[in-house]
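Student: I would like to learn how to read a protein model feature by feature. Could we take one and talk it through?
Tutor: Gladly, let us open it and begin.

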Amino acid sequence: MDLKVVTKSAPPAPAGGEVTVELLIVTINPADLLMLEGRYGVRPPAPFIPGSEGVGRVSAVGEGVTLKVGDIVMPMPGNTWTEQVTLPARHVVPLAAGVDLEQAAMLKANPATALVMLQDLVPMQAGDWVILNAANSAVGQNVVQVGRALGLRVACVVRRAGAVQALRDLGADVVIVDDGTGPVPTLPEGATARLALDAIGGVATERLAAAVMDGGTVVNYGLLSGESPRLSAHDLVFRGLTLRGFWLASWFATAGPARIKQVYGQLVTWLGEGKVGAKVDALYPITRAADAVAHAAREGRDGKVLITTRFLKG
Ligand SMILES: NC(=O)c1ccc[n+]([C@@H]2O[C@H](COP(=O)([O-])OP(=O)(O)OC[C@H]3O[C@@H](n4cnc5c(N)ncnc54)[C@H](OP(=O)(O)O)[C@@H]3O)[C@@H](O)[C@H]2O)c1
């Protein structure tokens, strides 16, 4: 990976219908690391500006735009690891003036992934169980929060004991430590899950599937192990499990504007109420982006690594 901080000229002044946004905080997600390594679902030709989400402040508006200079917004397009960008005003989501900027920077990808996986893939009823691995990830924390808001019961699987208490505090019904070698995780009192959310792949998919009801669904949405998800013929044929993938980028392309607006409307409300959010381990100035990326790639960190720009204090 060849990551460099470069100085570029400022973006053009906004034309009619456009705004210029000064980015304040941007996020480092596993997808960004994969993209930097050329291992993601899309491989932009180098050089490219990484980053898929962030929060910024409007610094200039073109004609016909109702947003005002100073408004806090979440840009929806990617390439966010930059200080300023000019883009169509319809491509930003307005946020409240006093919003928690760190949490706002993390709103676009992971909370939406959690909400959509719990609402749009399988008909879930209040009281149904969902089980997920890598549950101390940001998506995992958001699944616990959204699952609770939807009345679901949430079983979390993590690989280290140090991650248990925070998930309990967040409201997880059960937290199981599974290092991949002992007995497979099970739910209390013989319960089974309608839905399993697998971010790891390989044998971890199969271990999670053991807690899913016959006819239930396993969704793979991440490959943290670097291996493709594995499910036995017994699970697929005799137990009738469905294994499917989920990618938020495909959801954006197919969900339609009304559903996208509904999802982000809900998330912005929950953000304001402090009902969605994830832990933050560290913030780095953009000039130290390479250190930030190295930190984000480390095992056992306690939350997200965020990048700040010089406009944060301005
Ligand atoms: N498909 C989609 O649309 C979509 C959207 C968003 C995110 N994702 C995926 O969701 C996953 C989580 O993303 P995130 O941003 O929430 O992550 P994150 O907050 O950066 O946390 C990463 C988590 O993964 C755990 N982990 C890493 N490697 C692991 C392994 N080999 N086995 C078990 N656990 C492992 C870490 O555990 P420790 O704390 O123990 O190190 C940590 O909890 C990633 O795979 C990401 O690509 C997919």
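Student: How do the residues of the shell around the ligand divide into nonpolar, polar and charged?
Tutor: Keep in mind that this is a predicted model. The shell holds 14 nonpolar, eight polar and four charged residues. Of the 26 residues around the ligand, those that come nearest are S137, A138, V139, G222 and L248.

Student: Which helices each supply at least two residues of that shell?
Tutor: Helix 1 (30-36), helix 3 (110-119) and helix 4 (138-149) do so.

Student: Why does the ligand lie between domain 1 and domain 2?
Tutor: Both domain 1 (18-106 + 278-313) and domain 2 (123-249) give residues to the shell, so the ligand lies between them.

Student: How far apart are the C-alpha centres of the two domains, domain 1 and domain 2?
Tutor: These centres lie 29 Å apart. For the contact, domain 1 gives seven residues and domain 2 gives eight residues. On the domain 1 side that touches domain 2, there are three nonpolar, two polar and two charged residues.

Student: Now to sheets. What is the order of the strands in the open sheet of six strands?
Tutor: The general idea comes before the case. Strands of a sheet pair through backbone hydrogen bonds, in either a parallel or an antiparallel way. Here the order is 8-7-6-9-10-11, and the pairing is parallel. Strand 8 (174-177) and strand 11 stand at the edges with a single partner strand each, so one side of each has no neighbour in the sheet. On average, neighbouring strands of this sheet are turned by 20° against each other, direction ignored.

Student: How many bridges pair strand 9 with strand 10?
Tutor: Strand 9 (residues 193-198) and strand 10 (residues 212-220) pair over five bridges, in the parallel sense. Between these two strands, the chain passes through helix 6 (residues 203-209), and this β-α-β crossover is right-handed. To find the register by eye, look at A193, which stands opposite V212 in strand 10. L195 likewise stands opposite T217 in strand 10.

Student: And how many bridges join strand 10 to strand 11?
Tutor: Four bridges join them, and strand 10 and strand 11 (residues 242-245) run parallel. One pair to look for is N220 with its bridge partner G245 in strand 11.

Student: Which strands does helix 4 lie across?
Tutor: Helix 4 lies across strand 6 (129-132), strand 7 (153-158) and strand 9. Against strand 7, helix 4 runs at about 165°. Helix 4 is also one of the helices that supply at least two residues of the shell around the ligand.

Student: Let us finish with the backbone. Which peptide bond is cis?
Tutor: The general background helps here too. Most peptide bonds are trans, and most residues other than glycine have a negative phi. In this model the bond from A46 to P47 is cis, with omega near -5°. You will find P47 in the loop between helix 1 and strand 2 (54-61).

Student: What is the phi of A134?
Tutor: A134 has a positive phi of about 45°, although A134 is not a glycine. Look for A134 in the loop between strand 6 and helix 4.

Definitions and conventions: Residues are numbered from 1 along each chain as its sequence is written. This is a predicted model: local features need pLDDT of at least 70, side-chain atom pairs count only at pLDDT 80 or more; totals for chains, interfaces and linings use all residues. A residue is near a molecule or strand if its C-beta atom, placed from the backbone, lies within 6 Å of it. Ala, Val, Leu, Ile, Met, Phe, Trp, Tyr, Cys and Pro count as nonpolar, Asp, Glu, Lys and Arg as charged, and the others, Gly among them, as polar. Domain bounds come from an automatic or database domain assignment. Two strands pair if DSSP finds at least two bridges between them. A crossover is right-handed if, with the strands pointing away from the viewer, the path from the first strand over the helix to the second runs clockwise. Two residues are in contact if their C-beta atoms, placed from the backbone, lie within 7 Å. Axes are lines fitted to C-alpha atoms, for helices over the stretch in contact, and angles run from 0 to 180 degrees between N-to-C directions.
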